[in-house]
Amino acid sequence: MTKYKRITGMRDVLFDDQPYCRYILAKIQETTDLFGYRRLDTPLLEQANLFVRGVGEGTDIVEKEMYIFDDRDGAQLALRPEFTAGIMRAFVENGLHTLPTPLRVWTVGPLFRHERPQAGRYRQHSQFDIEIIGEQDPAVDVEIISVAWHLFTSLGFYGLRLYINSTGCPACKPTYIQALVDYFTPHAGKLPPDDQMRLQKNPLRILDSKEEATQPLLENAPHITDHLCDDCDDHFTKFKAYLDAIERPYVVDYRIVRGLDYYTKTVFEIKADGLGSQDTICGGGRYDKLIEELGGRPTPSTGFGSGIERYVIALRHLGIEPPAEPLPKVTVSYLGQPAKLAALQLIETLRSENIGAILTPGDRSFKAQLKAANRNDAAFAIILGEDEVKAGQATVRNMVDSQQTAVNLTELVDWLKERL
RNA sequence: GUGGCUAUGGCUCAAUGGUAGAGCACCUGGUUGUGGCCCAGGAGGUUGUGGGUUCGAACCCCACUAGCCACCCCA
């Protein structure tokens with residue numbers, strides 16, 4: 001056993017995973033370009049208070065999952081547990097409200113939550129995140145779903161499911177919560193302890209409950225969509241109509257609640273197969289009050305976060321392979337010190353001509369160098385020995401058919417370019 | 001934070017109380033400058049850590065740690 005180990009819930013991203021990451025990032029860039037989103041990156045560290053205010057004091061993220069610590073000057077910092085609060089902070093701090101609205105932004109990077117790791121869940125994970133800032137038209141709620149769907153389709157996903165709901169707004173949400181409490185209180189005795197707790201602390205969470213005893217009660221529980229105010233009801237109706245218009249199938253799931261306090265009106269999740277019990281690949285919604293909460297002027301916004309590691313798991317599950325990495329197809333080997341100098345010069349030339357090449361170093365036997373060429377998956381092994389250097393040539397071995405050709409060093413670049 | 005399962009060389013695993021093995025991977029060699037296949041040889045483990053039981057522990061017991069999965073919650 002090695003002395004130093006990974007921190008719990010953190011992963012090394014090894015070579016087998018990298019082609020997926022590269023593939024996914026490329027598709028994200030294509031998609032965001034197509035939809036007109038600009039990249040905006042924020043720091044990994046923020047004042048802890050930003051998340052307490054933004055995400056909400058009573059949320060699990062703030063209450064028990066944030067990596068929080070004192071800086072050397074005593075300031076309370078947090079590793080960002082989500083993107084939205086930081087992006088909204090950047091929006092306000094940099095005066096981005098002066099840009100044409102709505103502002104469409106995206107970002108990607110690591111987030112940190114001190115949770116117990118399990119399938120598809122890590123303490124450091126990466127999300128692709130987009131936000132549309134400054135627009136309350138439900139058409140943009142549909143647009144972000146369209147972005148997600150375009151990305152997932154271009155990655156090769158199939159069998160994804162879209163679930164939507166509305167969480168109302170400060171005008172109607174409390175009324176609904178009261179209705180929920182009124183409904184469950186007479187049955188409180190039948191609820192399992194966890195759900196009794198929820199009834200006290202966060203009644204909406206009961207809707208999420210997987211407790212068996214609670215299920216029959218949930219069937220007749222009031223739906224928030226029957227308690228929305230006119231404004232929220234209108235928004236939800238249009239949201240669904242626009243989804244219908246673009247023929248994006250969805251299921252209204254009254255039990256989607258989402259764990260962050262800032263959501264208003266639209267919430268949604270996209271689920272995929274093959275992920276175990278953590279099967280949400282994309283989750284988001286609308287947060288019309290967040291920017292005000294953070295000290296900006298009222299600015300309705302909508303967005304989502306989407307877990308990159310879960311993409312990789314789901315892609316593997318579906319048997320979708322990313323393109324191979326474009327590693328060099330040429331190796332340069334040598335025999336003897338004079339040839340080594342020539343090899344070093346040659347390999348510089350190849351790279352300057354944009355021909356990827358790797359040296360088989362170490363002054364080892366010829367056999368070992370060819371072996372190295374083989375293990376590097378070279379298409380061509382370029383061999384320089386005493387004879388070749390004297391003749392101003394290189395021996396080029398085709399590693400597929402084992403044919404060897406003597407090529408003048410002056411013609412080698414063109415010779416390779418014709419064949420690679 | 002809670003629960004279940006697991007922990008042996010780089011990887012996948014074997015050995016269930018009596019001196020730690022295999023396959024893959026790795027290194028060297030099979031004569032003079034030729035890879036993949038084959039053959040031969042080699043290196044690599046104080047069996048996650050700490051304690052206990054025993055004449056003797058990879059194996060039994062306890063604790064801790066880590067991993068996986070699930071709950072909670074979420075991407």
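**Exercise 1. Find the volume of the largest cavity, then say what lines it.**

Start with the number: the largest cavity comes out at about 40 Å³. This is a predicted model, where local features need pLDDT of at least 70, side-chain atom pairs count only at pLDDT 80 or more, and totals for chains, interfaces and linings use all residues. Residues are numbered from 1 along each chain as its sequence is written, chains are lettered from A and ligands numbered from 1 in the order in which they are written, and side-chain values use heavy atoms, with hydrogens and water left out.

Next, the terms. On a 1 Å grid over the protein atoms alone, a cavity is a set of points where a 1.4 Å probe fits but cannot get out, while a pocket is an open set with protein on both sides within 12 Å along at least five of seven lines; a lining residue has an atom within 4 Å of a point. Points are joined across faces, edges and corners, and the volume is the space filled by probe spheres set on them.

Now the lining: it includes N165, S166, T167 and Y176. By class, it splits into 7 nonpolar, 3 polar and no charged residues (nonpolar: Ala, Val, Leu, Ile, Met, Phe, Trp, Tyr, Cys and Pro; charged: Asp, Glu, Lys and Arg; polar: the others, Gly among them).

**Exercise 2. Work out how many cavities of 30 Å³ or more the whole structure has, and describe the second largest.**

The search finds 2. About 30 Å³ of space lies in the second largest cavity. Its lining is F157, Y158, G159, L160, A272, D273, A314 and L318, which sorts into 6 nonpolar, 1 polar and 1 charged.

**Exercise 3. Characterise the second largest pocket, then follow α1 away from it.**

Volume first: about 400 Å³. Of its 19 lining residues, V13, C21, S126, I308 and E309 lie nearest the centre. Elements giving two or more residues to this lining are α1 (18–35), β5 (103–112), β6 (124–133) and α11 (308–318); helices (H or I, at least four residues) and strands (E, at least two) are DSSP runs numbered from the N terminus. The lining has 11 nonpolar, 3 polar and 5 charged residues.

Then take α1. Its buried residues (under 20% relative accessible area, 1.4 Å probe, protein chains only) are P19, Y20, Y23, I24, K27, I28, T31 and T32. The spacing makes sense because an α-helix has 3.6 residues a turn, so residues three or four places apart point the same way. The cover over the buried residues of α1 includes β5, β6, α5 (138–155) and α11. Right after α1 comes G36, with a positive phi near 80 degrees.

**Exercise 4. Trace the ring cluster that contains W106.**

Ring pairs link W106, F128, F268 and F304. Rings of Phe, Tyr and Trp (its six-membered ring) pair if their centres lie within 6.5 Å; planes under 30 degrees apart are stacked, over 60 edge-to-face, the rest tilted. The structure holds 12 such pairs.

- W106 and F128 are edge-to-face, at 6.2 Å centre to centre and 65 degrees between the planes. W106 is in β5 and F128 in β6, so this pair ties together parts 22 residues apart in sequence.
- W106 is buried at 4% relative accessibility, and F128 is buried at 0%.
- F268 and F304 are also edge-to-face, at 6.4 Å and 80 degrees. F268 sits in β9 (residues 264–271) and F304 in β11 (residues 301–307), so the pair ties together parts 36 residues apart in sequence.

Technical notes
Buried < 20%, exposed > 50% of the residue type's maximum accessible area, 1.4 Å probe, protein only. Contact = heavy atoms within 4.5 Å.
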